Every structure is written in C-alpha cells, then in structure tokens.
Amino acid sequence: MFYPAKEDSMPPGLLNSCDVPRSIFWISTQSRQGIINLAPYSFSSAVAYKPPQVMFAVTGLRKNRQEADTLANIRETREFVVNFPPYAFRNEMNQTCASVAPEVDEMALAGLEPAASVLVNPPGVRASPIRLECRLYRIFELLGDHNTMVVGEVLGMHIEDHVLSNGEVDWLKYRPIARMGRSDGYTVVNTLFSMHRPE
C-alpha cells in the first residue's frame with residue numbers, strides 16, 4: 001500500500017504509528033506568574049552532544065484555539081525541564097495529558113511533588129529519576145498550521161543514584177515508558193540487548 005502524503009487518503013496518525021517507540025519528554029514549565037505547567041510530548045529527542053541539546057515538537061492548537069501552555073511559557077521565560085516518566089508513574093503522566101485551563105497546576109493536579117531546579121526557575125518532577133534543566137535555543141515554525149519545534153540547550157542533569165549501575169543509566173532499573181502509535185499506545189523497557197559497532 002502506498003499513501004501519497006499530501007492527499008487525504010493517508011490515515012491520520014499513520015506516521016507516528018511507524019516511528020516507534022518514541023521517548024516521552026514530560027516537560028515542566030512555569031509562567032511568569034509562577035504557575036507550573038506539566039505535559040508529555042513524544043515528538044522528542046536528544047539531538048547533539050556538545051553542547052548537549054534536545055528538541056520536541058508541539059502540534060496543533062488546544063481546544064480553546066490557543067497554543068499549548070508549554071509553548072507559551074517557553075516563549076515567555078525561555079526555560080523548561082525535561083522529565084522522563086518511569087513505569088511506576090504512568091498514570092500520573094497520563095493525567096497530565098488532560099486539557100485544562102492555563103491557571104491549573106498540572107503537577108499538583110496529578111498529585112506530584114516538585115523538585116527544585118538549580119539553574120532554571122521551573123521545577124522538575126521529583127518522581128522522575130532523570131531531569132534535564134534546559135534553556136531555549138530556538139523555536140522553529142514547521143510546515144503546516146501550528147507545527148512548532150523547540151530546541152533547547154541542556155544546562156544540567158539530575159540523575160537519581162538508584163537508576164545508575166557502574167556510573168551509567170540502568171534502563172531496567174529505571175523502566176522508562178515510551179509512546180507507540182495512536183493515542184492509547186505505550187510500551188515499557190523490560191528487556192534489552194547489546195551489539196558492538198564494527199570498527
């Protein structure tokens with residue numbers, strides 16, 4: 001089956017059903033008024049080593065026809081924290097998908113405890129074993145209506161000792177969840193294998 005991408009024959013969500021699994025950036029921001037916003041994004045990735053940089057994409061508008069609070073806060077403050085949801089907090093992460101008013105603190109709504117950041121104002125999620133404090137590098141407007149990519153520089157990383165083995169992140173201790181295609185599809189890291197790159 002071949003689907004021309006510019007025609008309506010391509011089923012919605014087909015692309016993200018192919019690009020799996022995708023890491024979930026559970027992004028916390030803070031408005032200038034001090035209101036915390038927390039939301040998961042799965043069009044996301046680390047994109048550079050030196051300096052370390054990450055990206056995530058925001059697609060579409062919210063039900064109130066406004067852009068996502070995450071994006072609005074980053075435009076204003078130029079700061080955000082990337083948290084990574086472990087399997088044990090999958091339900092809390094899912095709760096922060098809800099469309100709520102900008103004055104609602106999603107971290108409090110999901111019963112999550114904030115963790116103070118060192119170099120940026122937005123707090124991280126204490127339940128997240130890994131947190132990246134980020135400063136906005138650039139916002140790119142993508143093709144189409146209301147498709148936006150945010151690139152940030154990682155200023156510092158918090159990694160909890162209990163997910164480390166020999167100084168490296170142990171994915172089986174951490175058990176990160178990831179997005180599959182479709183709105184209800186997720187997976188969790190329970191197994192792994194290693195392959196050495198050829199010389």
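This note goes through the sheet, a helix that lies across it, and one residue of strand E2.

1. The model is predicted, so local features need pLDDT of at least 70 and side-chain atom pairs count only at pLDDT 80 or more, whereas totals for chains, interfaces and linings use all residues. Residues are numbered from 1 along each chain as its sequence is written, and side-chain values use heavy atoms, with hydrogens and water left out.

2. Seven strands (DSSP runs of E, at least two residues, numbered from the N terminus) make up an open sheet with antiparallel pairing, in the order E3-E2-E6-E9-E10-E5-E4. Strands E3 (36-41) and E4 (44-48) are at the edges with a single partner strand each, so one side of each has no neighbour in the sheet. From one strand to the next the twist averages 35°.

3. Strands E9 (residues 130-141) and E10 (residues 147-159) pair in the antiparallel sense over eleven bridges, where pairing requires that DSSP finds at least two bridges between two strands. Ile139 stands opposite Val150 in E10.

4. Thr29 belongs to strand E2 (residues 25-30) and is buried, with a relative accessible area of 0%; buried means under 20% relative accessible area, with a 1.4 Å probe and protein chains only. The side chains of Thr29 and Asn73 are joined by a polar contact of 2.9 Å, a term for a pair of N or O atoms within 3.5 Å, of which, within protein, one must be able to donate a hydrogen and the other to accept it, while residues adjacent in sequence count only if both atoms are side-chain atoms.

5. Beyond its neighbours within four places in sequence, Thr29 is in contact (heavy atoms within 4.5 Å) with residues including Asp69, Thr70, Phe80 and Pro122.

Note on methods:
Helix = DSSP H or I, 4+ residues; strand = E, 2+ residues; numbered from the N terminus. Buried < 20%, exposed > 50% of the residue type's maximum accessible area, 1.4 Å probe, protein only. Axes fitted to C-alpha atoms, helices over the stretch in contact; angles between N-to-C directions.
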